[in-house]
Number of protein chains: 2
Amino acid sequence: MSRLAGMTAPTASTSPGKSQLLELVAALGSAQWQDFSTSAARHGLTGAQAKLLAQLKGPVPMRGLAALLVCDASNVTGIVDRLEARGLVRREPDPSDRRVKNVVATEEGQETIRRVREEMMRATGDALDAFDDEERAVLHGLLERLRTGLERRG
Amino acid sequence: MSRLAGMTAPTASTSPGKSQLLELVAALGSAQWQDFSTSAARHGLTGAQAKLLAQLKGPVPMRGLAALLVCDASNVTGIVDRLEARGLVRREPDPSDRRVKNVVATEEGQETIRRVREEMMRATGDALDAFDDEERAVLHGLLERLRTGLERRG
DNA sequence: GTTGATGCTTGAGGTCGTCAAGCAACTGGG
DNA sequence: CCCAGTTGCTTGACGACCTCAAGCATCAAC
């Protein structure tokens, strides 16, 4: 029943080593970012703009966006400016703090990012068709553990 | 013996779905890129410069770098210019084609990228300490399949 | 040898990203 | 109340990244 291990690790002594795993994660992340950016480009968006738009499930203050995107707040100002100029995003005043501006996606913004996601699914996601349910579950579990391992540090 | 599946997929009916898996890959790739960039920054390099330097296991023509980095050739010119100005890289004429310039990492360049990799291993790689040999092997196998799946498509 | 393709560079133009400085608004101690 | 200190956002300067169009040198093939 060690079917997965048997399929994926030809010899028991083959322990991949961190660097190879990290390189693999890097390659996948890079390829996915390419797909995401080109999907975004088809809708006239840059990667950074699409990434910001993807964070807007609800109203988010500028400061929160800077934290989510791990960049300077002044950088967020520019990206939101360009998105707002195209009607994909709106700045709303925060009722409880007049310093804060909450960013919300407009209807068109939501529709646009939905399509970008959809196209990326067709591009990157097709590679997942070769995986059965158990494999997906195992992969999901391992990646989830890896992510939480990355989050609990600095 | 379905230990892995049992650990990672609490209920058999939980099939993660593509989008969640892709989101996970994106989060991991993004976090890793952050670590890589900040490690590079400690050595005075940008992420793009370090990424280019990481490709130089041997002499590589400018055109090849553009293909590896999936960007315009004119972009490579600028990045190599900056790396060359700091003595991390050298442009050599190609003996068989005088149009071609092969880029090679200098001793200092090799040492620098080696340290960047090392620091990133300490940052991102620690999250892999929680995985035993079988888990790493399974993860490696699944990611490898995913990568080849991504490569065989325009 | 002339024509066409290829490899690299240059220049213009835009986005991304940081830093320092500035303004408005919130906050807490007196 | 008031006033220092903090926080949220914006602006301006500056550099790196990135693409496109154009140009130059070289190669390849007829």
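How much area do chain B and chain A bury between them? In this predicted model, the two chains bury about 5500 Å², with 73% of that area on carbon and sulfur atoms.

**First stop: the interface of the two chains.** Select chain B and chain A together; the contact draws 57 residues from chain B and 57 residues from chain A. Then highlight Lys18(B), Leu22(B) and Leu28(B), which supply 12% of the area that chain B buries against chain A, more than any other three residues.

Next, display the side chains of Glu135(A) and Arg145(B), which form a salt bridge at 2.9 Å, N to O. Across this interface there are 4 salt bridges, and 12 residue pairs are in polar contact. Colouring chain B by element shows helices H1 (3–8), H2 (18–42), H6 (107–124) and H7 (133–151) each giving two or more residues to the side that touches chain A. H7(B) gives the most, with 17 residues. By class, this side of chain B has 29 nonpolar, 15 polar and 13 charged residues.

**Second stop: DNA strand C.** Select the 22 residues that surround DNA strand C; among the closest are Thr46(A), Arg63(B) and Arg99(B). Of the strand atoms within 4 Å of the protein, sugar and phosphate account for 73%.

Three phosphate contacts merit inspection:
- Asp72(A): a backbone N or O atom lies 2.6 Å from a phosphate oxygen of the strand.
- Arg82(A): a side-chain N or O atom is 2.6 Å from a phosphate oxygen.
- Arg91(B): a polar side-chain atom lies 2.5 Å from a phosphate oxygen.

Finally, select H5(A), which gives the most to the surface near DNA strand C, with 4 residues. That surface has 7 nonpolar, 6 polar and 9 charged residues.

Definitions and conventions. Residues numbered from 1 in each chain as written. Chains lettered and ligands numbered in written order. Predicted model: local features only at pLDDT ≥ 70, side-chain atom pairs only at ≥ 80, totals over all residues. Heavy atoms only, no water. Near = heavy atom within 4 Å. Polar contact = N/O pair within 3.5 Å; in protein donor to acceptor, adjacent residues only side chain to side chain. Nonpolar A, V, L, I, M, F, W, Y, C, P; charged D, E, K, R; others polar. Contact = heavy atoms within 4.5 Å. Buried area = accessible area lost by both parts, 1.4 Å probe.
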